[in-house]
Amino acid sequence: MNMLSIPTVLIGLLGFLSAVSLVQSQTAGTTTTTWDCCMPACGYASNLPPGAKGPVQSCSKTNGAPASGAQNACFASSGNLAFSCDKYQPIIVNSTFSYGFAGHGNSATSTCCKCYQFTWTSGAATGKSMIVQAINAGGITDVDFDIYTPGGGVGDFNACTAQYGAPSGGWGRQYGGVTSDAECSQLPSNLQAGCHWRWQWAGGDVNTWQITYKQVNCPSQLTSLSGCTPAAI
């Protein structure tokens, strides 16, 4: 009877352990959606974790550079105001992979500007993946990714009325936003592509869908837009 040599057995065992290690490096989580038009929490230099270079860029009402000293539009109602930027919409790479931005974690100094790769394990996007950069935090669990998606719901704070004339509760539901691709037509033209992303690329609501994720080094496709680069991992 043929017997495997000890080196062959060891190679097989090492391969198995490596595969187990790879699986264990993934963390289970969920996705939700947001678009509140507020200046991102990671736009404050005081919220950056050690080694990060930034902060995350915010924008004027017309998506240009904000005036010096502009205040977060979610917490100020007059003077120079700072908003989120329309460039933080999801970016489709192909039929199974997108880049994007998200809120992640309850502590900004722990997550700001860091990047994560996740794959959906439930919902219409099962098997599809994203790499997102965390540009917001607070009121978000440590395993949830609140994907920046126009029409994704304003949540607790709403600067979209000030920036775009949105309804007082935002477009669609306050939490979760619009409920169909057709409702994306309610949004300003510069935001509609990101709204359609949810329904046409992801294939549905996205909220409460399950994922597995891990932290990764940030690609330039994201840092070049946000203006923030975290310490390498």
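A nonpolar surface patch is made of residues with over 30% relative accessible area and no salt bridge, whose nonpolar side chains are joined within 5 Å. In this predicted model, Y44, F75 and F157 form such a patch on the surface, and together they expose about 330 Å² of accessible area. Two members of the patch, F75 and F157, also form an edge-to-face ring pair, and a search of the whole structure finds 13 aromatic pairs.

**The F75–F157 pair**

- The ring centres of F75 and F157 lie 5.1 Å apart and their planes meet at 65°, so the pair counts as edge-to-face, the cut-off for that class being over 60 degrees.
- The pair links distant parts of the chain, since its two residues are 82 residues apart.
- F75 belongs to the loop between strand 2 (71-72) and strand 3 (81-82), whereas F157 belongs to the loop between strand 8 (144-148) and helix 3 (160-164).

**Accessibility of the two rings**

- F75 has a relative accessible area of 59% and is therefore exposed, as the threshold for that class is over 50%.
- F157, with a relative accessible area of 41%, is partly exposed, because this class covers values between the buried limit of under 20% and the exposed limit of over 50%.

**Other aromatic contacts**

- Ring pairs link Y116, F118, W120, F145, W197, W201, W209 and Y213 into a cluster.
- W201, one of the residues in that cluster, also has the charged end of K128 sitting over its ring, at 4.7 Å from the ring centre.

How values were computed. Residues numbered from 1 in each chain as written. Predicted model: local features only at pLDDT ≥ 70, side-chain atom pairs only at ≥ 80, totals over all residues. Heavy atoms only, no water. Phe/Tyr/Trp six-rings, centres within 6.5 Å; stacked < 30°, edge-to-face > 60°. Helix = DSSP H or I, 4+ residues; strand = E, 2+ residues; numbered from the N terminus. Buried < 20%, exposed > 50% of the residue type's maximum accessible area, 1.4 Å probe, protein only. Lys NZ or Arg CZ within 6 Å of the ring centre and 35° of its normal. Patch = residues over 30% accessible without salt bridge, like charges linked within 9 Å, V, L, I, M, F, W, Y side chains within 5 Å. Areas by Shrake-Rupley, 256 points an atom, 1.4 Å probe, with all protein chains shown as cover. Salt bridge = Lys/Arg side-chain N within 4 Å of Asp/Glu carboxyl O.
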